[in-house]
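Subject: Structure for your review

Dear colleague,

Please find below the structure I am handing over to you. I would be grateful if you would read the notes that come after it with the structure open.

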Amino acid sequence: MAACISNSPTPIKSSLSKLQSLNGLFAIYKKQGPTSAEVLNNLKEVLLKEAGVRNPNPRKRRKQSLKMGHGGTLDSSACGVLVVGVGNGTKMLSTMLSGSKKYVAVAELGKATETLDASGSVVLEKDFEHITRLDIEEKLKAFTGDIMQVPPLYSALKKDGQRLSVLLKNGHKVEAKPARPVTVYNLTLQEFNSPLFTLAIECGGGFYVRSLVDDLGKALSSCAHVKELTRTKQGQFTLEEHALQEEQWTLEHILSSLQPCSESEQGVHGTDAPEVDACGTPSEQSPK
């Protein structure tokens, strides 16, 4: 899905000083594959090169580096809207955590994986032939509203300063985090072509689509995992109208889509917002 951003804004000569003067929020498109942190560093590198900085290293905090962060991590296998704060806009990122988000998820019945998505190894296979469209629609009702949800083991949540997903990959034993309250504003079944089905989800902060699909599979007396996940909206930023594609990662396109900070927003929110986990819950601060 391509972002509907004009491809012919008034040309603007980029410079480091102009980049460092930016303050606000904008959205980019994150493709499948790289982590959100890697995408952010790629964005920084592209902008610094455009500004004439030689051999930019976006991972180092130096004077020529951009002050930039993102407001809600997407899993490596997910794609869609990634909200970026630049300058004092990093202080506005906390508003992205509690606001609503929209996702489209394609899931597969009959197979459960260790990561609850297609990136993990299959750990269980169960019959799914008995499941109908009406069965799914009926079970979805129990996952709408204010519910309790257990986060996935493979996530950006941390234990002793390390991500649970990293601990698991290194062979450490990890216990599941306790169930916590989350909110689902809207949940609908868009398509059903067994074993695949597609969900449209609008949720609040801290919600994991992977956990929803895993829990739904169990409720249907089978199992399921997420095959594809796209974030279509975060806060006021939508995939169709606001998310800048990679070829639009330029100063002129950012200026045309930037939501600037107000004076109050520039001064009252404290330090940079922390990095967040897969669907918007704050995790411990880590380098961006």
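The notes below go from the whole protein to a strand, a loop residue and a helix.

Please bear in mind that this is a predicted model. The protein contains eight helices and 14 strands. Of its 288 residues, 51% are buried. Among contacts between residues at least 6 apart in sequence, 73% join residues at least 24 apart. The protein exposes about 13,500 Å², and carbon and sulfur atoms supply 50% of that area.

I would draw your attention to strand S3, which spans residues 79–86. Eight of its eight residues are buried, that is, under 20% relative accessible area, so the strand is largely enclosed by the rest of the structure. Three pairings of S3 may be described in turn. With strand S1 (residues 24–30), S3 pairs in the antiparallel sense over seven bridges; within this pairing, Ala27 stands opposite Val83 of S3. Strand S2 (residues 68–70) also runs antiparallel to S3, and three bridges join the two. Here Met68 has Val86 in S3 as its bridge partner. Strand S12 (residues 224–234), by contrast, pairs with S3 in the parallel sense, over two bridges. In that pairing, Gly80 is partnered by Arg231 of S12.

Val86 also figures in a second relation, with Lys67. The two residues lie 19 apart along the chain, while 5.8 Å separates their C-alpha atoms. Lys67 belongs to the loop between helix H2 (36–50) and S2. Is Lys67 buried, partly exposed or exposed? Its relative accessible area is 36%; because this falls between the cut-offs of 20% and 50%, Lys67 counts as partly exposed.

The remaining element is helix H6, residues 209–219. Eight of its 11 residues are buried, so H6 too is largely enclosed by the rest of the structure. The buried residues are Val209, Arg210, Ser211, Leu212, Val213, Asp214, Leu216 and Gly217. What covers these buried residues of H6? The cover includes helix H4 (133–140) together with the strands S4 (101–109), S7 (145–149), S10 (180–193), S11 (196–203) and S12. S12 thus appears in both accounts, because it pairs with S3 and is part of the cover of the enclosed helix H6. After H6 comes Ser221, which has a positive phi, near 60°.

With kind regards

Definitions and conventions
Residues are numbered from 1 along each chain as its sequence is written. This is a predicted model: local features need pLDDT of at least 70, side-chain atom pairs count only at pLDDT 80 or more; totals for chains, interfaces and linings use all residues. Side-chain values use heavy atoms; hydrogens and water are left out. Buried means under 20% relative accessible area, exposed over 50%, partly exposed in between (1.4 Å probe, protein chains only). Helices (H or I, at least four residues) and strands (E, at least two) are DSSP runs, numbered from the N terminus. Two strands pair if DSSP finds at least two bridges between them. Contact means heavy atoms within 4.5 Å. Accessible areas come from the Shrake-Rupley method with a 1.4 Å probe; for residues, only the protein chains shown count as cover.
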